[in-house]
Amino acid sequence: MALQVSSVEDYHAWRRGAEAVAERADAEAWRADPESSVYDARLLREQTEELTRTREAGKALELVPLLREALYRHLGELADPRLYARTPLGTKHLVEAFYEEALACIAYLADPDQTGLSPKFTLAGFRRAAHIFGRSALLLSGGATLGFFHLGVVKALSEQGLLPNVLSGASMGALIACGTGVRTDEELDALFANPRVIRTDALKRLPPKRAASERAVYDHARLEEVVANNCGDYTFEEAHARTGRTVSISVSPTRERQKPRVLCHYTTPNVLMNSAAVASASIPGAFPGAMLRQRGPSGERIPYMPTERWIDGSLKGDLPMRRLSRLHNVNHFIVSQVNPHVAPVRRVMGKRGIVPVVSGVILSSVRAQVTHQLELARDFTKSTPLYSTFDVAHSLADQPYGGDIDIHPRLRPTALLRAMSNISHDELLKHIREGERATWPLLARIRDQTCVSRALDGAIRRLSFVQAADSAQASTAK
């Protein structure tokens with residue numbers, strides 16, 4: 001029996017409902033039974049027990065390779081979504097016990113007072129482990145004003161302490177990623193306590209004569225004004241130093257020989273995030289191409305690559321997973337997908353049963369054919385005015401639109417009809433609530449599949465602080 005969440009107003013009410021459904025479906029018996037076709041229960045139990053024995057015996061040097069081997073051997077199979085299909089409250093108790101022991105081992109190894117290992121040696125080991133293990137990122141798709149659903153996803157993850165430090169956004173997703181990335185945890189809490197401070201009036205129609213001359217429907221200055229209000233005035237480097245969050249923004253070029261970019265504190269540290277968000281949200285036809293701006297040596301706003309103009313990041317990199325993998329060592333992607341040409345289809349395909357399976361096969365076949373035909377059309381029209389149109393169409397068809405964990409808010413017909421309209425604050429609150437409702441059933445899966453990387457990052461932060469304090473003390477003593 002499925003839990004209906006369309007009328008649930010908060011997480012605690014949702015959880016009570018999920019617990020009632022789980023009880024009726026006897027989900028606890030399933031969770032208590034260690035056997036599964038997804039993993040080897042005997043091997044998982046044995047390795048969990050071996051980790052416990054080694055940790056309790058205080059054998060730190062033996063524990064390191066043992067933990068590494070156990071994580072690599074099992075994390076692939078334990079990420080299988082079938083382990084979370086029975087109840088959204090969690091998975092097999094054996095799996096949860098393995099994760100709990102892995103976290104206990106990390107906590108033990110991160111304490112030099114217990115292990116007897118030097119903080120410098122321990123920190124180097126954790127940095128190496130984090131680099132090898134990888135990390136998670138939250139990717140926010142385009143989707144015009146439907147992108148306000150992303151706020152609910154961010155809110156649900158933030159409240160549970162599960163918001164990844166790596167965020168990526170394209171088009172409207174870029175605005176949400178920037179607004180999130182410039183705020184500390186405390187500031188995010190304050191924002192969601194009073195979301196009415198968020199401006200939702202970025203679409204101001206131009207007079208017909210000006211619209212014709214600028215080849216755009218909406219006022220670019222109004223978009224800049226609203227984005228500055230919602231995202232502040234920080235460079236990528238300033239925001240990262242302020243919050244510890246890594247924000248990456250996709251922008252697409254207007255020139256044929258120019259490549260799409262992913263802007264972040266590594267690639268463009270001095271570029272202003274609000275200008276990147278404006279560029280990424282500049283949908284062709286709706287807004288003119290935008291120039292990126294950066295912070296100059298004296299703090300002034302100056303052009304960045306002044307001869308280039310940039311447009312909607314979704315056209316070339318809605319979910320730039322390959323680039324994020326290279327830049328930020330990301331190998332696990334949580335995707336909030338609200339593009340109206342993608343989200344409804346993937347929502348259906350994500351369900352269980354014969355109909356979604358058949359639908360998925362048919363749609364995959366159709367997509368492959370369409371992508372191939374668009375590629376041929378693009379190649380055939382090279383050096384003609386039609387090339388850019390077919391190039392964009394091919395990029396839209398050929399892009400990946402899903403990740404390891406996909407979140408698809410329910411898109412109401414009224415929301416779809418108003419995707420290119422300013423929404424009221426009451427509508428904003430509905431969008432946020434819908435994003436939360438889509439995220440709650442996935443929290444247990446997200447918590448389990450990100451717990452190790454979060455623990456490694458936490459250990460590195462603590463050990464870095466200890467090492468910095470020791471260095472400062474040694475310097476003072478001299």
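**Backbone outliers, nonpolar cores and internal cavities**

Met305 is partly exposed, with a relative accessible area of 24%, and in this predicted model the residue adopts a positive phi of about 50° although it is not a glycine. Met305 is placed in the loop that runs between strand 6 (301-304) and strand 7 (310-311). A positive phi, of about 55°, is also found at Ala144, again a residue that is not a glycine, and its place is in the loop between strand 1 (135-140) and helix 8 (149-159). Ala144 has a relative accessible area of 17% and is therefore classed as buried, the limit for that class being under 20%.

The largest nonpolar core comprises 66 residues, of which Leu138, Phe148, Leu151, Leu157, Ile249 and Ile446 touch the most other members. Helix 9 (residues 172-181) is the element that gives the most to this core, contributing six residues. When residues up to four places away in sequence are not counted, Leu151 is in contact with Ile176, Phe192, Ile198, Leu428 and Ile432. A second core, separate from the largest, is made up of 36 residues, among them Leu66, Ala70, Leu83 and Cys105.

A search of the whole structure for enclosed space finds two cavities of 30 Å³ or more. The largest cavity has a volume of about 370 Å³ and is lined by 30 residues, with Phe148, Met172, Leu175, Ala202 and Asn230 the closest to its centre. Phe148 thus appears both in this lining and among the residues of the largest nonpolar core that touch the most other members. Two or more residues of the lining of the largest cavity are given by each of helix 9, helix 10 (185-193) and helix 12 (220-231). Divided by class, this lining has 20 nonpolar, seven polar and three charged residues.

The second largest cavity, with a volume of about 30 Å³, is lined by Phe236, Ala239, His240, Arg245, Thr246, Val247, His265 and Met273. At least two residues of this lining are supplied by each of helix 13 (236-243) and strand 3 (246-253), and helix 13 gives the most, with three residues. By class, the lining of the second largest cavity consists of four nonpolar residues, three polar residues and one charged residue.

How values were computed. Residues are numbered from 1 along each chain as its sequence is written. This is a predicted model: local features need pLDDT of at least 70, side-chain atom pairs count only at pLDDT 80 or more; totals for chains, interfaces and linings use all residues. Side-chain values use heavy atoms; hydrogens and water are left out. A nonpolar core is a set of buried Ala, Val, Leu, Ile, Met, Phe, Trp, Tyr and Cys residues joined through side-chain atoms within 4.5 Å. Buried means under 20% relative accessible area, exposed over 50%, partly exposed in between (1.4 Å probe, protein chains only). Helices (H or I, at least four residues) and strands (E, at least two) are DSSP runs, numbered from the N terminus. Contact means heavy atoms within 4.5 Å. On a 1 Å grid over the protein atoms alone, a cavity is a set of points where a 1.4 Å probe fits but cannot get out, and a pocket is an open set with protein on both sides within 12 Å along at least five of seven lines; lining residues have an atom within 4 Å of a point. Grid points are joined across faces, edges and corners, and a volume is the space filled by probe spheres set on the points. Ala, Val, Leu, Ile, Met, Phe, Trp, Tyr, Cys and Pro count as nonpolar, Asp, Glu, Lys and Arg as charged, and the others, Gly among them, as polar.
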